[in-house]
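Student: I have a model to read. Can you take me through its features, one by one?

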Amino acid sequence: MEGCIRGERRSQEALFKQFYGKMMAVCLRYMTDRDTAQEVLQEAFLKVFDKLEVFDFKGSLEGWIRRIVANTAIDALRKAKRSPFLSDQDTDFKQAGRDEMVEQEELDLLGLKAEVAMEAISKLSPAYRTVFNLFVLEDCSHKEIADMLGISEGTSKSNLAKAKMNLQRILNEKFIHIEK
Amino acid sequence: MKDGLENSFKEALNNFELPYDGQAWESLSQKLSAKKWYQASSVKWSAALLVAVGLSAYFVINSSNSNTAKLTVAKTTHQETKPTSSLVTIQKETANTSDVQKLETKENGERKQLEEVPPMIEFISEMIPHSIPLYNENDMNGVATETSVNPEPTPSFNGSAVIYDFKNRCQGETFQLEGSRYNERVVTYAGKTLHFTYNEAISLKLNEVGKVSISGNSGPYGQYEFMGSFDVNPAPSISLTIDRNLNYEDGLPKINMSVDATDAQLSWVSNVKLDTYQGKTSNVLAFEKGIAIVEVQALGASGCKSKEKEMISISEDYNLLAVNAFNPQSMDSRNSSFMPFALTIRQTPFKLMILDPDNGGLIFQSTDASNAWDGIDRRDGKMVPSNKAYIWKVVLQNPVAGEKGEYRGTIVRM
């Protein structure tokens, strides 16, 4: 019996180790604070171990774990704030002038570094960040996002647009900063 | 369609990984220790069940004054129709003898929250292993949970009583019936008699094999009449054993698995390749480092199914069991030449090439496992310089299912 438990724990550790890096990156896209991200990750893995029974072999194991992690992160955000996905103070949002925008060609040319992308995302407000993550990185539709977050599809679309505007501005500042 | 900015972010972050933090596992491991002891195996599950039954018995015996509290767990009373006081008494008495753990009811389709359950019961529900889905298990946030296999038929009203489809069911399933406006119902199952009043939904976890009989009355003062019954058929009992060590029988990386089951048709499912998908034994073909999830399903004679799932970690990539150094001068014939060990026992057509790392030249080539590389460079017939690493490459003509066709590595000539 002991051995059996040890064996199981070893597999769990191996699973955790294999996916830690990627899943921690997922958590950090939703919560900027490292400790909170760590907690969310642990909660998600407890679910993974608990719910292994329902993994149905249809998709990849990584995709399945990733969905649990993302859902756990969203739940944690939901708990932390009453309706974090609905609206945001727009105080830090301003329309970037066309000439100050980072040109897409420039982005393609330089290649966006993962660390820079993470930093830019972390500067978004939770409402924008969550929609951006779900739409762009988890490939959810606006309909799915709306259902998941309890907002309208219109809000999801507008939050995505604003997230992208802000990201443009953040990248812009970043690139100017580098040049200086 | 995603635009340029979206694609840039997706590309940048798709495979972004943070470095592993061993400390993170330490703290998760502690959390697991705190909650996992009862989940390890079916044996423990039985033990937990015994404890649970014992506790509930204790609870029933010692709490003659806490009927009300218990009733909130076992039953939710209806709100629309008010039962007469005599019926309330009957209800309490029957609930007294009921096995609290097995009986959960719902009303108006609303799932009862675990939070509403008094502490003692919460403890009991906590001990039910998660491998057996709880009826009132919380939503898994988008993760597909196993819902009840057969949707219950909608009762139809024939003027006096509600008719049900009394098909047989399997052990482990949950039997659910909506509340009825027209009659009260009495269910007998597993030696218990349970009373359900108007509009009260029935939900029974069918853990025991046997017969479920339902009677109903035709009105507040009507007679109870037998409505029908169905059998709870046994689900096959299975026990999966996994030898978690890699076993290189036939030169292939295998993890042996066997399942103990009688009178059941067995099938296997996995996210990695297995060497067979039927029968009592199977092997994981562990070609790549990572996690294998394996499930064995048993279909019993009664048509009922059981399944068991396990997670197996594969600790290393398979590379034909090749050594990384050899010494042509060695007296030991096992060390004096180079041939990846798996090729000597696999009986599979291959081509081995030894390449010069400096210029990619072909130093040696073989398609025969008995013709190993002895350290001679075929280009000039001389022994290659010592303390140098050479590249080996093997192409398999007929790799087994799930196996890549090409392997490579380095070999040091001592």
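Student: How many helices and strands are there in chain A?

Tutor: This is a predicted model. Chain A has eight helices and zero strands. Read from the N terminus, its elements go α-α-α-α-α-α-α-α.

Student: What share of chain A is buried?

Tutor: Of the 180 residues in chain A, 56% are buried. Take A:Phe49 as a case. A:Phe49 sits in helix H2 of chain A. Its relative accessible area is 6%, so A:Phe49 is buried. Then look at distance. A:Phe49 and A:Ile65 are 16 residues apart in sequence, and their C-alpha atoms are 9.9 Å apart in space.

Student: Which residues form the patch of negative charge on the surface?

Tutor: The patch gathers A:Asp33, A:Asp35, A:Glu39 and A:Glu43. A:Asp35 belongs to helix H2 of chain A, residues 34–50. With a relative accessible area of 58%, A:Asp35 is exposed.

Student: Now charge pairs. Why can side chains of opposite charge pair?

Tutor: Pairing can occur when the charged atoms of such side chains come close. The cut-off for a salt bridge is a nitrogen-to-oxygen distance within 4 Å. Over all chains, the count is 24 salt bridges.

Student: Which residue forms a salt bridge with B:Asp231?

Tutor: B:Lys211 does, with the closest N and O atoms 3.3 Å apart. B:Asp231 is in strand S9 of chain B, residues 224–233, and B:Lys211 is in strand S8, residues 210–217, so the pair ties together parts 20 residues apart in sequence. B:Asp231 is partly exposed at 29% relative accessibility. B:Lys211 is partly exposed too, at 48%.

Student: Give me a pair that sits in loops.

Tutor: Take B:Arg379 and B:Asp356, whose side chains form a salt bridge of 3.0 Å, N to O. B:Arg379 is in the loop between strands S19 (376–377) and S20 (382–383) of chain B, while B:Asp356 is in the loop between strands S17 (350–355) and S18 (362–366), so this pair links parts 23 residues apart in sequence. Now check the cover on each partner. B:Arg379 is partly exposed, at 43% relative accessible area. B:Asp356 is buried, at 10% relative accessibility.

Student: And B:Arg408: which residue is its salt-bridge partner?

Tutor: The partner is B:Glu406, with the closest N and O atoms 2.8 Å apart. B:Arg408 is partly exposed, at 48% relative accessible area. B:Glu406 is partly exposed as well, at 35% relative accessibility. Salt bridges can also share partners: one network joins A:Arg29, A:Arg66 and A:Glu138.

Student: How do I read a helix end? Where is B:Asp3 placed?

Tutor: B:Asp3 is in the segment before helix H1 (4–13) of chain B. B:Asp3 caps the N-terminal end of H1(B), with a side-chain oxygen 3.2 Å from the backbone nitrogen of B:Leu5. The side chain of B:Asp3 also makes a polar contact of 2.7 Å with that of A:Lys164. B:Asp3 is partly exposed, at 31% relative accessible area.

Student: How many residues of H1(B) are buried?

Tutor: Seven of its 10 residues are buried, so by the under 20% cut-off H1(B) is mostly covered. Among them are B:Leu5, B:Phe9 and B:Leu13. Charged residues appear in that list too, including B:Glu6 and B:Lys10.

Student: B:Glu310 is in strand S15 of chain B. Is B:Glu310 buried or exposed?

Tutor: B:Glu310 is buried, with a relative accessible area of 16%. Its strand, S15, covers residues 305–314. The side chain of B:Glu310 has a polar contact of 2.8 Å with the side chain of B:Arg244.

Student: Last, backbone angles. What sign does phi have in most residues other than glycine?

Tutor: Negative, in most of them. A:Asp139 has a positive phi, near 55°. A:Asp139 is in the loop between helix H6 (126–137) and helix H7 (142–149) of chain A. A:Asp139 is partly exposed, at 45% relative accessible area. B:Asn387 also has a positive phi, near 50°. B:Asn387 lies in the loop between S20 and strand S21 (388–396) of chain B. At 65% relative accessible area, B:Asn387 is exposed.

Terms used:
Residues numbered from 1 in each chain as written. Chains lettered and ligands numbered in written order. Predicted model: local features only at pLDDT ≥ 70, side-chain atom pairs only at ≥ 80, totals over all residues. Heavy atoms only, no water. Helix = DSSP H or I, 4+ residues; strand = E, 2+ residues; numbered from the N terminus. Buried < 20%, exposed > 50% of the residue type's maximum accessible area, 1.4 Å probe, protein only. Polar contact = N/O pair within 3.5 Å; in protein donor to acceptor, adjacent residues only side chain to side chain. Patch = residues over 30% accessible without salt bridge, like charges linked within 9 Å, V, L, I, M, F, W, Y side chains within 5 Å. Areas by Shrake-Rupley, 256 points an atom, 1.4 Å probe, with all protein chains shown as cover. Lys, Arg positive; Asp, Glu negative; His and termini not counted. Charge placed at Lys NZ, Arg CZ, Asp CG, Glu CD.
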